[in-house]
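Student: I've got this model open and would like to zoom in on one loop residue with an odd backbone. Could you walk me through that spot, then work outwards from there?

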Amino acid sequence: MTSFPKLLQRMQELKDLYGIIGLATWDQETYLPRKGEPARACQLSSLQGLYHEKLVDPALGELLERAAARPDLTSDEQAMLRVLRWERDRAVRVPPELVRELAAAQSQALPVWREARKLNDFALFCPALERLVRIRREQADALGHGGRRYDALLEGYEPGMRVERLSPVLLGLKEKLVPMVQALCDAPEPHPMASQVFEGKTFNGDRQWRFTQRLLEEMGFDLEAGRQDRSVHPFTGGTHPRDVRLTVRIDEANPMTALFGVIHEGGHGLYEQGYAEEHHRTPLAAAPSMGIHESQSRLWENLVGRSLPFWAHYFPILRAEFPKELGGVEPEAFYCAVNRVTRSLIRIEADEVTYNLHIVLRYELELALLDGELAVADLPGVWNERMQALLGVTPPSDEKGVLQDIHWAWGELGYFPSYTIGNLYSATLYAAAQRDLPGLEERLSRGELSVLTEWLRRRIHRDGHRRYAEEQVRHVAGKGLTDEDFVEYLRRKYEALYGVQLPR
Ligand SMILES: [Zn+2]
């Protein structure tokens, strides 16, 4: 037996275990009885411990080194080696005590953050966050970096990405977005009825559910290789590309929560189902970064799901499902209602134009925290000042400001940029799809969503983790991380919607 089949077997075991962790996590978020929660936390922690043990096993390290020395590896085998070595190296470098300390600090901080948010009291959360930032700094130093701690953490979500590459793109984007937001928020409402489309109405949950299932199927999501359920926080998970599970949250006061939610998770789900069959149970059946995964959900949710062609087809269907609630609503009012730009306070409720400013804010603060230029105790004040500068609004409370996201409470630093990277990639990939598929929007307006799905499968999904994320995007679109397609997309769409000339 050569070293690769042995190595492949190890890779498959890791992937199987990862799938079972996915199953237990999915169940925790959907059907687990409340009293089973403490036991599930123990089960998950044991499973993750087992996964870690298998990953750092010195015998696996030897197999990897032996395989890497072979001259006859295929390019897929080389990619598998690269991905697994990357994951293993990161796991080996962090001392077990630090891993345990982080886990303890995370579970301690989470309930404190919930309480602090409820009481609108940042001081309550401050010591827990200070501890998490300190541990993350130590973790970054253990992982190693060339002087920028942020790089070591960013690498965990965006392999290959560096602050040096990312910062100029995000800062350039900021400079274009700030005047754009100003111009759009100063302009009159694009439709007088836009703010009243959903107001005071109730949208039956079962009918919403039916509509989301229809959307999923028409996007090409295979419900025999996955399923849809309900959960408070929508997500996509599962155990294997033939068992992809996504969830949706139904809000009877506003059907768009579930609709955009399912289009978003459907984009993630299609990616997960689309990995090449020969890569299943190997490290290649995965996305190369969180950002590129997010590019798929946002391409569907925003570039398709908030577009005119999409609603030209789906609005009449939605209206037929809710004749009493939407019967008197004009398609133009509906389109404006789902695309209103406001000086948003809350990231997850932000529109496409303001959203990335929320990310830039968090990115700059995280950089300063990790570099030691900003003390945790000073966060609320700096947050509010920057919100005023970026979005022209000051949060009325920390609950609607610095305490709004769960990420920091979980010690997650370095993750936020993935959302904006996803938005930028989504526009670049969509522009490439339009070049490759003449008449795309016309076909979308007839409800032919599968044209786009097939293109994404062929150009992105199949390849899984064969390349770095930016390399994959460059391979498909001829360019990597850039804001040009995204900014151009926003300009064209919002100039038409608001009837104004946006600054260039
Ligand atoms: Zn997502």
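Student: Where is Arg-281 found?

Tutor: Arg-281 is found in the loop between helix H10 (255-273) and helix H11 (290-304). Keep in mind that you're looking at a predicted model. What makes this arginine catch the eye is its backbone: phi is positive, about 60 degrees, although Arg-281 is not a glycine. As for solvent, Arg-281 has a relative accessible area of 33%, so it falls between the 20% and 50% cut-offs and counts as partly exposed.

There's a good partner to compare with. Asn-120 also has a positive phi without being a glycine, at about 55 degrees. Asn-120 lies in a loop too, the one between helix H5 (96-119) and helix H6 (122-143). With a relative accessibility of 35%, Asn-120 counts as partly exposed, because that value again sits between 20% and 50%.

From Asn-120, let's step into H6, where two residues are worth clicking on. Leu-129 has its place in this helix, and its relative accessible area is 2%, under the 20% limit, so it is buried. Setting aside sequence neighbours up to four places away, Leu-129 is in contact with Phe-122, Val-376, Leu-379 and Trp-408. If you want a distance to check, the C-alpha atoms of Leu-129 and Gln-106 are separated by 9.3 Å, with their positions 23 residues apart along the chain. The other one is Gln-139, which lies in H6 as well. You may not expect a glutamine to be tucked away, but Gln-139 is buried, with 14% relative accessible area. Its contacts beyond four places in sequence are Val-94, Leu-98, Leu-102 and Leu-153.

Leu-379 turned up among the contacts of Leu-129, and it leads us to the nonpolar interior. As a rule, nonpolar side chains in soluble globular proteins tend to be buried together. Here the largest nonpolar core has 138 residues, and Phe-125, Trp-311, Phe-334 and Leu-379 touch the most other members. Helix H15 (residues 352-371) gives the most to this core, namely twelve residues. A separate core has 23 residues, including Leu-64, Leu-81, Leu-84 and Leu-284.

Now take Phe-334 from that largest core. Not counting neighbours within four places in sequence, Phe-334 is in contact with Val-197, Phe-198, Met-256, Trp-311, Phe-315, Leu-318 and Val-329. Next, have a look at Ala-194, in the loop between H8 and helix H9 (205-219). Ala-194 is buried, with a relative accessible area of 4%. It touches Glu-189, Ala-333, Cys-336, Ala-337 and Arg-340, leaving out residues up to four places away. Ala-194 and Glu-332 are 138 residues apart along the chain, with their C-alpha atoms 8.4 Å apart.

The smaller core gives us a way onwards, through Leu-284. One residue in contact with Leu-284 is Asp-463, which also contacts Gln-472, again ignoring neighbours within four places. Asp-463 lies in the loop between helix H19 (450-459) and helix H20 (469-477). Even with its charged side chain, Asp-463 is buried, because its relative accessible area of 9% is under 20%. Its side chain makes a polar contact of 2.9 Å with the side chain of Arg-467.

Last stop: the second largest pocket, which has a volume of about 480 Å³. Of the 17 residues lining it, Gln-434, Glu-441, Tyr-489, Arg-492 and Lys-493 lie nearest its centre. Helix H12 (308-321), helix H17 (417-436) and helix H21 (484-498) are the elements that give two or more residues to the lining. H21 gives the most, with seven residues. By type, the lining splits into ten nonpolar, five charged and two polar residues.

Technical notes
Residues numbered from 1 in each chain as written. Predicted model: local features only at pLDDT ≥ 70, side-chain atom pairs only at ≥ 80, totals over all residues. Heavy atoms only, no water. Core = buried A, V, L, I, M, F, W, Y, C linked by side-chain atoms within 4.5 Å. Buried < 20%, exposed > 50% of the residue type's maximum accessible area, 1.4 Å probe, protein only. Helix = DSSP H or I, 4+ residues; strand = E, 2+ residues; numbered from the N terminus. Contact = heavy atoms within 4.5 Å. 1 Å grid on protein atoms, 1.4 Å probe; cavity = no way out; pocket = protein on both sides within 12 Å on 5 of 7 lines; lining within 4 Å. Points joined across faces, edges and corners; volume = space filled by probe spheres on them. Polar contact = N/O pair within 3.5 Å; in protein donor to acceptor, adjacent residues only side chain to side chain.
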